[in-house]
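Me: Got a model open here and I'd like to go through it with you. Can we take it piece by piece?
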Amino acid sequence: MKKKAIIPILLSIGVWLTGCADTTSRTKGVYMLLDTSGTYKNELDKARSIIYYLLGTLEPGDTLGVARIDTGSFSEKDLIAKDTFDRRPSVSNSQKRLFRETIEQFVSTAKSSPYTDITGGILQAVEYLNETGAGNKYVLVFSDLKEDLRKGYIRDFPIEMSDVNVIALNVTKLRTDNIDPREYMDRLAYWEKRTVDAGGTWRVMNDLERLDTLLAG
Amino acid sequence: MSSTDFLMIVPGSPALSMLIWMMVAVIMLYLARSPAHRAITSLSRVVQNAMRLASKSVLLGEKSLVQRNKEVLVAAGRESAERLIEREFHRVNAVVQRDLSGYPALQRTLSDQITRIDEDYIESAELPPPPPTWVAAVETISKVRSKSDPTVANILKEIEKTSNRQYRETVDEYRKSMGERHAILSKMVPYWRNLTQTLDEVGKKIGGLQERAQVIDNKMEEYEAIRTKTNEAERTLTSSSMTQFVISGFALLIAFGGAIINFNLIALPMSEMVGGGSYIGPFKTSNVAALVIILVEVAMGLYLMESLRITKLFPIIGSMDDRLRTRMIWVTFTILLILAGVESALAFMRDRIAADMQALRHSLAAAQVSGPVNSWIPTVGQMVMGFILPFALTFVAIPLESFVQASRTVMGAVMAGLLRALAFLLRLFGNIVGYMGEFLVNVYDLIIFPPLWVEKLIRDRAQQAHYKPAKGDDVI
């Protein structure tokens, strides 16, 4: 009688465990684009603190990539540092230290770029994040969102950003924005529309004191 | 034609139409009064009876549950009493084996001591000094009249001297003899003391046995009360069970707290072994692995306690062959020891990883890292905790057993209470439906009161006509 009862229990446990085999990836993939055009280059110190915050927050198995936005950003050459952190915390910590050194070096030697290809950078970011297979994808755009393309560069086409969370950071107001704030609003609305139309989500975070909510949700 | 138009009997006058409809309805209801009353009454009775039956069957179930609870309680109490009595018998057996097995030797010791005391006593007996043989001669000479004879006087003087000397010698000899006897008697003192001590020990042992016998008698009385299922025994057992439930629940809560501490101690370093980013379902693999280790420790603790026959959760382990059981004790203890070692190592690793993370965060925050003060203290503390907690968790088996046993009674009592409450609610609902039926009948009559009133008038007139005396009836 007892043996008969044990078999269904074991079967149920087996079924339950099989049901538990969740294949959903819970890792985070974060790609940060740094605008280095014109005077915005002076904001890189803020970008560095955000990257350091990410290094302290991301867990083993997560991915972090940092790239600059310059004349033509749809290129691997603009990638400053990228790494998928090892699943072992000790190795992951070593990787983060190396990452930090690379960023430190970049910030101290970064040069201003004449043009701003934000779309190209976002395309590069989405491509990279899709390759990592991360469960939660974030593209952080550290820029004033003023795209300034070089003549001949084509970027006015719909892009695919399914399940990608785009967060615009430190969107500074330009001199012209102060004259006509609608320009600033229009700029934000333009990027929001592009992101949402592409299947992604859009968020703006200008208060860098509240970074704890950066990757939440 | 809409329904409103259909209802409008008198076009343009909805109030009049409504009044006509109401009259029609009242008349219809009046005509259907008897069957409607019967329908309402029968429906309410059906529900009331059904509820009463359901209530009765629930009460029957409650009774059988109470009976089962009582049997479980009595069985548990009987088992507990048997264990206590068995333990007392074991103690008595141990006392008898330890103390009374040496009784022949003790008796021999006592006998030897008594013999020695006896011998010493005989030796110390006071011997009367031998009567001097010359006393008669002295008496004879003392009767001689010799005051005038100097020779006799000299002889007497010599005799006196000799007598005095003899007296002194005799006294000295007597004193010496007395001294020797006293020496023998003082040699007897240690023997007396030994004898007293030995007898005291015997007395204590016998007293201890008497106490044990008294305890066994009390336990036997309790056992007898439980066996005969007296109400007092049941009440005592129920109360004891409730107390056990609360106390063991509290102990389990403490153990749960210990398990959480243990979990936090090993969850982080486990991520170094199984990876920090993998998941099983919604849970991190490292957390699951840490939990599994803790559960394995608890399981090993249970098996160890079972093998030691401290708990009786798995009768199959308790009834094992002694050799196999001893082997199982060693196996479970070894596994626990290994797990404790592993946990200690993990605790050490945790400290290192935490320090590394802290250093990384400091470097990212560009903060000055102050040198750790006595950094070995938390490291050693964590390692010791990691080693001790698995063994501490072993003892969870004891409150767990009490909790499981007590919860049977407590849950039974709770279930019985719930069933009683359900029976009451069913009965209450049935009665409410019954009275609601009566209420509806009255409301029905209230709605059709105009025709009823007319009916009553007609009936009264008919009765008056029936009882109206015919002309001339009052003329006698």
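Me: In what order do the elements of chain A run from the N terminus on?
Reply: The order is α-β-α-β-β-α-α-β-β-α-α-β. That comes to 6 helices and 6 strands. Keep in mind that this is a predicted model.

Me: And how much of chain A is buried?
Reply: Buried residues are 34% of its 217 residues.

Me: What share of the chain A contacts with a separation of 6 or more comes from residues 24 or more positions apart?
Reply: Such pairs account for 80% of those contacts.

Me: Moving to where the chains touch. How many residues does each one put in?
Reply: Chain B gives 17 residues and chain A gives 19.

Me: Which elements of chain B supply at least two residues each on that side?
Reply: Helix 7, strand 1 (279-280) and helix 10 (322-364) of chain B do. Helix 10 of chain B has the largest share, with 7 residues.

Me: What's the make-up of that side by class?
Reply: On the side of chain B that touches chain A, 7 residues are nonpolar, 7 are polar and 3 are charged.

Me: Helix 7 of chain B also packs inside its own chain, against helix 3. What's the angle there?
Reply: About 80°, between helix 3 (residues 33-98) and helix 7 (residues 231-274) of chain B, with the axes 10 Å apart. Angles of 65 to 115 degrees count as roughly perpendicular, so that is how helix 3 and helix 7 of chain B lie to each other.

Me: Which residues meet?
Reply: From helix 3 of chain B, Lys70(B), Leu73(B) and Gly77(B); from helix 7 of chain B, Ala233(B), Glu234(B), Leu237(B), Thr238(B) and Ser241(B). By class, this contact has 3 nonpolar, 3 polar and 2 charged residues.

Me: Next pair: helix 4 and helix 6 of chain B. At what angle do they cross?
Reply: Roughly 155°, for helix 4 (residues 103-123) and helix 6 (residues 150-227) of chain B, whose axes come within 10 Å. Over 145 degrees counts as roughly antiparallel, and helix 4 and helix 6 of chain B are therefore roughly antiparallel to each other.

Me: Left-handed or right-handed?
Reply: The crossing of helix 4 and helix 6 of chain B is left-handed.

Me: What's in that contact, by class?
Reply: The contact of helix 4 with helix 6 of chain B has 9 nonpolar, 4 polar and 4 charged residues. Among them are Leu106(B), Leu110(B) and Ile117(B) in helix 4 of chain B, and Ile184(B), Met188(B) and Trp192(B) in helix 6 of chain B.

Terms used. Residues are numbered from 1 along each chain as its sequence is written. Chains are lettered from A and ligands numbered from 1 in the order in which they are written. This is a predicted model: local features need pLDDT of at least 70, side-chain atom pairs count only at pLDDT 80 or more; totals for chains, interfaces and linings use all residues. Axes are lines fitted to C-alpha atoms, for helices over the stretch in contact, and angles run from 0 to 180 degrees between N-to-C directions. Helices (H or I, at least four residues) and strands (E, at least two) are DSSP runs, numbered from the N terminus. Angles under 35 degrees count as roughly parallel, over 145 as roughly antiparallel, 65 to 115 as roughly perpendicular and the rest as oblique. Two residues are in contact if their C-beta atoms, placed from the backbone, lie within 7 Å. Ala, Val, Leu, Ile, Met, Phe, Trp, Tyr, Cys and Pro count as nonpolar, Asp, Glu, Lys and Arg as charged, and the others, Gly among them, as polar. A residue is buried if 20 or more other C-beta atoms lie within 10 Å of its own, exposed if 12 or fewer, and partly exposed in between; C-beta atoms are placed from the backbone. A crossing is left-handed if the near helix is turned anticlockwise from the far one by less than a right angle, and right-handed if clockwise.
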